[in-house]
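Work through the two exercises below with the model open beside you, and try each task before reading its solution.

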Amino acid sequence: MTPSRMQRSTLGGRAAEARVARFVVPATLVLGIVLAYAAHQLATAIGVGTGFTAKVVCSLHFNSGLEPDDLMRGYVDAELGGFGPVMRVDVDAASVTARGPFGVRSRAVYRPGHGCTLLAGRPESAIAPAADYERFPVDILTHYYGADPKSGPDAVEAAIDAAFAEPAEAGRQRHTTAVVVLHQGKLIAERYAADYGRDVPMLSWSMAKSVLAALVGALVQDGRLDLHAPAPVSEWATPGDPRGAITLDMLLRQSSGLAFDETYGALNDVSRMLFTAPDTGAFAARQPLQHPPDSVWSYSSGTSNIVARIAADELQRSPDVLAAFAREELFEPCQIRSAFFEPDASGTPIGSSFAFMTALDWARFGELHRNDGVCGKQRVLPGGWVDYVTTPTPAAPQGRYGAHWWLNAGSASDAGDRPWPELPADMYAAMGHSGQWVVVVPSAELVVVRLGLSQPDDANDGTVELVAALIDELGGRP
């Protein structure tokens, strides 16, 4: 029987309604997913902001003696951009809590001798235990260097004046906090900003990577790690996992092939790892391969924290055991008395970013490398280790990277094509965010330390100009 016109109309209307319903339900679902994803991303971004604020304020307040209000206004606000003004901090006798919008908060706790640990969602009772200890006697620096910072020759002081001078451009802040110069192994000049001094341990940011490499060198010398064996990472141990081919050497050379987003922002890998993850090494070890191992150079704080976790596992994943090994095998032979790594909540030292030393001890660390891994008459690093860490990684452009040290070697096809053409090709450096530098120039018998809280992070800090001026004044330019 043929439907009437009215029936056809009704049937058509119902079909249209069904089509609309089929469209509306999925569209509503998609909208819900989008909104949920956006809410998750916003919560993550705020969590990164509160994590950064709690960790950095805790570290620079308890380790370096800086005032929280000054840190918020002078550094954290600029680092976080639009998030800075909405952050609030509560500081008590041994912790900092940062609070952001929508009730998001993060807490970092301080333990003497180990610095600050971001809890990252874990209760304080669950973080790796660590005993308090005194880093160095209060009079040790006076004993070695005298009561007051040393002034150098007029031309050296003029170069340091320029390093402390603020740039004229709006929106730029050099904020140099310390400069130390060693020439031929002797301290020839040092200067500090107000609220800093020779007894103030100062933050490394990524200079920690070079300290981590030295710690690995001490473990290699002790026969406890093998650079060229597959890296002992539990996440890669399943037979057939292509990450199982990654060696410790590839990790140190930043050529593991692992995917990792090092572009800094609220949602990138490095920020989420450092400021939301309780186990930084595990966060990085879970990343998939993006390239075949040892085929591409890609700077990654994630690979550094995998290396740090390998070292920590070899030392019982105990901050106390690791600190004792580092003091006895690496730091004490060089009279470095203030150095320590800050651990994450799992007990892994954050080898990518959080080491502290006084500026003078940073200079001693550079001098250890200028002297081929020897302090006094004691070999601290394996023979040939400094050559190893300063040999360019083949895939790194301009010969700019070795094994957790930045280099100035130049391209294999053009030695003049190098990152800092105004400096000698044998110069190498530990470098960190906000203008942290330990520069070693073997041909000039020179070590220069420059520390600061510079903004923005674009080589605005004047260090290259400082080193060039010192080489011209002290000699040694090829």
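**Exercise 1.** In this predicted model, establish the strand order of the open sheet of four strands, and explain which strands stand at its edges.

*Solution.* Begin with the order, which reads β1-β2-β3-β4 across the open sheet, with antiparallel pairing. Next, consider the partners: β1 and β4 (115-118) each have a single partner strand, so one side of each is left without a neighbour in the sheet, and these two strands therefore form its edges. Then add the geometry, in which neighbouring strands of this sheet are turned by 20° against each other on average, when direction is ignored. Strands of a sheet pair through backbone hydrogen bonds, and the pairing of β1 (residues 88-91) with β2 (residues 95-99) can be followed bridge by bridge, since four bridges join these antiparallel strands. Among them, Val 89 has Ala 98 as its partner in β2, while Asp 90 is matched with Thr 97. Finally, trace the connection between the two strands, where a hairpin leads from β1 to β2 through three residues.

**Exercise 2.** Decide whether helix α7 (residues 269-276) is mostly covered or mostly uncovered, and list its buried residues.

*Solution.* Apply the cut-off first: a residue counts as buried when its relative accessible area is under 20%. By this criterion six of the eight residues of α7 are buried, and the helix is mostly covered. The buried residues are Asp 269, Val 270, Ser 271, Met 273, Leu 274 and Phe 275.

Note on methods
Residues numbered from 1 in each chain as written. Predicted model: local features only at pLDDT ≥ 70, side-chain atom pairs only at ≥ 80, totals over all residues. Heavy atoms only, no water. Buried < 20%, exposed > 50% of the residue type's maximum accessible area, 1.4 Å probe, protein only. Pairing = 2+ DSSP bridges. Axes fitted to C-alpha atoms, helices over the stretch in contact; angles between N-to-C directions.
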